[in-house]
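Grab your viewer and a coffee: here is a set of exercises with worked solutions. Try each task before reading on.

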Amino acid sequence: MKNVGIIAEYDPFHAGHAWQIAQARRRGAETVTVCMSADVTQRGAAALLPPDVRAAAALGCGADLVLCLPNPCACLSAEGFAAAGVAVLSALPALDTLVFGAETPDTAALTGTAAALASPAFSAALARRLAGGASFAVARAAAAEQVCPGAGQVLAGPNNNLGVEYCKALAAQNSHILPLALPRKGAAHGQAHPGMEGFASASSLRALWAKGGAGALEGYVPDAALALYKEAGVAGRDLDPRAWEVAVLSRLRGMDAAALARTRGTAEGLEHLLENAVRAAVDLPGLYDAMKSKRYAHARLRRYALDAALGYTVALPALPPYLHVLAANGRGLALLRGVQKPADASLARLARQGGPCARMAAAHATAADLAALCRRTPAPMGGCYTQKPLLV
């Protein structure tokens, strides 16, 4: 293991993330490349801080190269999120290992489960259970267990789930990168208190920020990151949650049924669930509650609503067609030699490539502009096209 990759949101970067990078270094990593989500996240929400702040935190805390996971890819399901991240990292010829945290840090068990999920037997078993009325998550775990004993237990952990999707994507894309699962340390997602190692979850840190600002994160994030967060807080660059809710809802209220139906992921009446919910919802939690369905997980409803608000359709490229550099040092820049996709620190230049690059950049900018409007100090449009990379 010499050059490792990590797929992350860093919303925000914290001590657990620093531990993971340090573990990769201890196991022989000479460089660490991060593929990081930008303005929106996999949970169907806006990131607390803009991508340039989070990329600077990653670079200051051990990463060598930070690449952008475009917004349309960052708010996909675990399967799509993983496939997009793997596609970005696999474009770097020198990268050899994908490192990720898992509740079950058994790489063989995770790759075995991934192979089971890709099998025809699993597809058939899943279809039967869905036809019987089971929710997708329950049907998926039961079908996986039927095909590969032990897989159901593996899929019970949220980080295991994402790790399995990484392994599945590496195999499906015939990537030269090998997976390596590390123990997932610290508090579980959404847990209010830090885990035994003192690592707080990103969700709990966002809650702390909401109550006490950047200073409330002291002790839970590296000093280098905390300094950046405090600076961003003073400048009002953190998200105004209510502004985000109003912005998303206002977009949805301006859409008709036909527009909603064009949203990617539309299936089995999802567009009607959303259309009806929008009529009465005055905040996003109310919108999601009104869309509740046994068939759909809450996270899927959040992503679907965001996709609709951003106008994301199936016409978008499924995988990132370019590499957008957010931050790098000399070692990181050297990894771009022989890259197999258009690569640049300027999104504007990448957009001028035309075709899929232009479509992805435009869709990325839609989310970036909406998030910029919803900072405590709103920013103008077009910032993602003019933002300079951090090069050290």
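**Exercise 1. Two strands side by side**

Work out how covered β2 is, and which way its side chains point.

Solution. Bear in mind that you're working with a predicted model.
- Step 1: count the buried residues in β2 (31-37): 7 of its 7 residues are buried, so read it as mostly covered, with the cut-off for buried being under 20% relative accessible area.
- Step 2: sort by direction. Thr31, Thr33, Cys35 and Ser37 go one way, while Val32, Val34 and Met36 go the other.
- Step 3: recall the general pattern. In a regular strand, side chains alternate between the two faces of the sheet.
- Step 4: move to β1. It pairs with β2 in the parallel sense, over 6 bridges, and Gly5 sits opposite Thr33 in β2.
- Step 5: repeat the count there. In β1, 6 of the 6 residues are buried, so the strand is largely enclosed by the rest of the structure.
- Step 6: split β1 by direction too. Asn3, Gly5 and Ile7 point one way, Val4, Ile6 and Ala8 the other way.

**Exercise 2. Checking a helix and its packing**

Compare the span of helix α1 with the expected value, then find what its buried residues pack against.

Solution.
- Step 1: α1 covers residues 15-26, which makes 12 residues.
- Step 2: from first C-alpha to last, α1 reaches 16 Å, close to the 16 Å expected at 1.5 Å a residue.
- Step 3: list what is buried in α1: Ala15, Gly16, His17, Trp19, Gln20, Ile21, Gln23 and Ala24.
- Step 4: look across from those residues. They pack against β1, β2, β4 (97-102) and β5 (178-183).
- Step 5: step past the end of the helix. Just after α1, Gly28 has a positive phi of about 115°.

**Exercise 3. The same check on α19**

How many Å should helix α19 span, and which elements do its buried residues pack against?

Solution.
- Step 1: α19 runs over residues 355-373 and has 19 residues, so at 1.5 Å a residue it should span 27 Å.
- Step 2: its end C-alpha atoms are 28 Å apart, which agrees.
- Step 3: pick out buried residues. Among them are Cys357, Met360, His364, Asp369 and Leu370.
- Step 4: the buried residues of α19 pack against β3 (65-69), α3 (71-74), α12 (241-253), α16 (298-310), α18 (347-351) and α20 (383-386).
- Step 5: carry on into the loop between α19 and α20, where you'll find Thr377. At 46% relative accessibility, Thr377 counts as partly exposed.
- Step 6: see what Thr377 touches. Leaving aside neighbours within four places in sequence, it is in contact with Ala235 and Gly236. The C-alpha atoms of Thr377 and Val234 are 9.8 Å apart, though 143 residues separate them along the chain.

**Exercise 4. Nonpolar cores**

Find the largest nonpolar core and name the residues with the most contacts inside it.

Solution.
- Step 1: the largest core has 56 residues, and Ile7, Leu65, Leu98 and Leu110 have the most contacts inside it.
- Step 2: ask where it draws from. Helix α4 (residues 78-90) supplies the largest share, 7 residues.
- Step 3: look for a separate core. Another one, of 38 residues, lies apart from it and includes Ala55, Ala58, Leu205 and Leu226.
- Step 4: go back to Leu110. Not counting residues up to four places away, its contacts include Phe100, Val154, Cys167 and Ala181.

**Exercise 5. Aromatic pairs**

Find how many aromatic pairs the whole structure holds, then classify the pair Tyr10 and Phe13.

Solution.
- Step 1: the search turns up 3 pairs.
- Step 2: the ring centres of Tyr10 and Phe13 are 4.7 Å apart and their planes sit at 75°, so the pair is edge-to-face.
- Step 3: check burial. Tyr10 is buried at 1% relative accessibility, and Phe13 is buried at 0%.
- Step 4: try Trp209 and Tyr229. This pair is edge-to-face too, with 6.4 Å centre to centre and 65° between the planes.
- Step 5: place the two rings. Trp209 is in helix α10 (residues 202-212) and Tyr229 in helix α11 (residues 223-234), so the pair ties together parts 20 residues apart in sequence. Both Trp209 and Tyr229 are buried.

Technical notes
Residues numbered from 1 in each chain as written. Predicted model: local features only at pLDDT ≥ 70, side-chain atom pairs only at ≥ 80, totals over all residues. Heavy atoms only, no water. Core = buried A, V, L, I, M, F, W, Y, C linked by side-chain atoms within 4.5 Å. Buried < 20%, exposed > 50% of the residue type's maximum accessible area, 1.4 Å probe, protein only. Helix = DSSP H or I, 4+ residues; strand = E, 2+ residues; numbered from the N terminus. Contact = heavy atoms within 4.5 Å. Phe/Tyr/Trp six-rings, centres within 6.5 Å; stacked < 30°, edge-to-face > 60°. Expected span 1.5 Å × (residues − 1). Pairing = 2+ DSSP bridges.
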